[in-house]
Amino acid sequence: MATVLVLGVGGVLGEAWMWGYLGGAHDATGEDFRRAKQLIGTSAGSIVAARLAAGEDPRRREERVRWDGESEPAQRPGALRMAIERASRVSLGAFSPLAAPALSAASPAGALARAAVLARVPRGRIALDDLRSRVHALGPSFDGRLRLVAVDRGSGRRVVFGDDGAPEARVADAVAASCAVPGLFSPVLIGDREYVGGGVWSPTNLDLARAASADRVLCLVPTAVMGTGPALALRGLAAGWRIATSVEAAAAGRRGAGVEIVVPDGGSAAAMGTDLMNPARRARVLAEGFRQGAAGPL
């Protein structure tokens, strides 16, 4: 059985939870996720996917790639949450393909509507240059398995770096583009186009999984914790993302593959909270993720 690994949106703490989970699962079962048949990463998941593609072992929990701005003194608490809430007030549809039918799928009308919404979201002020440099130093490459998702800010279309026909890019540039949350991080320029985070299209982009009937699709969804927060915008966003993931999982299942969706359990969720860009919680989240991965499915 081959594993197709789908790694979703989640900020600093989502990245920590996924890395810890994979390390714990590897430690307990012996499955080496660096050998996955396909590595699909969106936003935080793109960092994890790139690290695996570069050969990093998730059992070595002390190593990580720092996100730009996560420890800046001027960075206000809850920056990711505020950016998403601000964008949600403009249009929740910018962040959930099922929140508004006009924004769904890849139709020309949907892409134009999505681009119009993105144009109204304030440009982020934090550049992802340091993240780009740190990922580049790991030496990952597009090896035929790695797929990193971003959205073209001007056209509103999804772009899957690593796919045939995708724009040429270094893995580090594609990771930065995938992580560029609108309203928080600056759009990333690749060629002559600006890109924003792949979570604008889907929290996981699970529909990209290419699995045979004997394969397993393992999808990690850190953003499930957002549905427990007090903010109505975040709960609505989490609900839209949950629906999107379910629809994408059903499509993958119809192709015959076994689909396993994993979300943070009680211990991991408590460690994460709802501010997924809070680096102070990272060590605890990493440990809880490792524990959950080692324990296996409930």
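Let's start with arginine 34, which sits in the loop between H1 and S2. This is a predicted model, so please hear every value as computed. Arginine 34 has a relative accessible area of 22%, so it counts as partly exposed. Set aside the neighbours within four places in sequence. Arginine 34 then contacts His26, Leu52, Gly55, Glu56, Asp57, Arg59 and Arg145. Take glycine 55 from that list. Arginine 34 and glycine 55 lie 21 residues apart in sequence, and their C-alpha atoms are 6.2 Å apart in space.

Now the overall picture. The protein has nine helices and eight strands. It runs to 298 residues, and 56% of them count as buried. How much of the contact set is long-range in sequence? Take the contacts with a separation of 6 or more: 76% of them join residues 24 or more positions apart.

On to helix packing. Two pairs today.

First pair, H1 and H9. H1 covers residues 11-29, and H9 covers residues 282-295. Their axes come within 6 Å and cross at roughly 35°. Which hand is the crossing of H1 and H9, left or right? It is right-handed. The residues in this contact split into 12 nonpolar, six polar and three charged.

Second pair, H2 and H6. H2 is residues 44-53, and H6 is residues 171-179. The axes are 7 Å apart, at an angle of about 160°. That angle makes H2 roughly antiparallel to H6, because anything over 145 degrees counts that way. Who makes the contact? From H2, Ala44, Ser46, Ile47 and Ala50. From H6, Val171, Val175, Ser178 and Cys179. By class, that is six nonpolar, two polar and no charged residues.

Stay with H6 for a moment. How many of its nine residues are buried? Nine of the nine, so H6 is mostly covered. The buried set includes Asp173 and Ser178, alongside Val171, Val175 and others.

Next, the cores. In soluble globular proteins, nonpolar side chains tend to be buried together. Here, the largest nonpolar core has 54 residues. Which members touch the most others? Leu5, Leu7, Leu22, Leu52, Val175 and Leu220. The element that gives the most to this core is H1, with nine residues. Apart from it lies another core, of 13 residues, with Val4, Val6, Ala209 and Val217 among them.

Zoom in on leucine 7. Leave out residues up to four places away in sequence. Leucine 7 touches Met18, Leu22, Ile40, Gly41, Thr42, Gly45, Val48, Ala49, Leu52 and Leu220. Leu22, Leu52 and Leu220 also appear among the core members that touch the most others.

Now three loops.

The loop between S2 and H2 holds serine 43. S2 is residues 38-42. Serine 43 has phi near 55°, a positive value in a residue other than glycine. For context, most residues other than glycine have a negative phi. Is serine 43 buried or exposed? It is buried, with a relative accessible area of 3%.

The loop between S6 and S7 holds asparagine 205. Asparagine 205 is not a glycine either, and its phi is positive, at about 55°. At 0% relative accessible area, asparagine 205 is buried. Leucine 206 is found in the loop between S6, residues 193-197, and S7, residues 216-220. Its relative accessibility is 0%, so leucine 206 counts as buried. Now a long link in sequence. Leucine 206 and leucine 5 are 201 residues apart along the chain, yet their C-alpha atoms are separated by 9.3 Å. Leucine 5 is one of the core members that touch the most others.

Last loop, between S7 and H7, where H7 is residues 232-254. Proline 222 has its place there. With 0% relative accessible area, proline 222 is buried. What does proline 222 contact, beyond neighbours within four places in sequence? Gly8, Val9, Gly10, Gly14, Trp17, Met18, Pro264 and Met272. Met18 also touches leucine 7. Proline 222 and valine 262 are 40 residues apart along the chain, with 8.3 Å between their C-alpha atoms.

To recap two points. H2 and H6 pack at about 160°, through a contact with no charged residues. Serine 43 has a positive phi, as does asparagine 205. Over to you for questions.

Note on methods. Residues are numbered from 1 along each chain as its sequence is written. This is a predicted model: local features need pLDDT of at least 70, side-chain atom pairs count only at pLDDT 80 or more; totals for chains, interfaces and linings use all residues. Side-chain values use heavy atoms; hydrogens and water are left out. Axes are lines fitted to C-alpha atoms, for helices over the stretch in contact, and angles run from 0 to 180 degrees between N-to-C directions. Helices (H or I, at least four residues) and strands (E, at least two) are DSSP runs, numbered from the N terminus. A crossing is left-handed if the near helix is turned anticlockwise from the far one by less than a right angle, and right-handed if clockwise. Ala, Val, Leu, Ile, Met, Phe, Trp, Tyr, Cys and Pro count as nonpolar, Asp, Glu, Lys and Arg as charged, and the others, Gly among them, as polar. A nonpolar core is a set of buried Ala, Val, Leu, Ile, Met, Phe, Trp, Tyr and Cys residues joined through side-chain atoms within 4.5 Å. Buried means under 20% relative accessible area, exposed over 50%, partly exposed in between (1.4 Å probe, protein chains only). Contact means heavy atoms within 4.5 Å. Angles under 35 degrees count as roughly parallel, over 145 as roughly antiparallel, 65 to 115 as roughly perpendicular and the rest as oblique.
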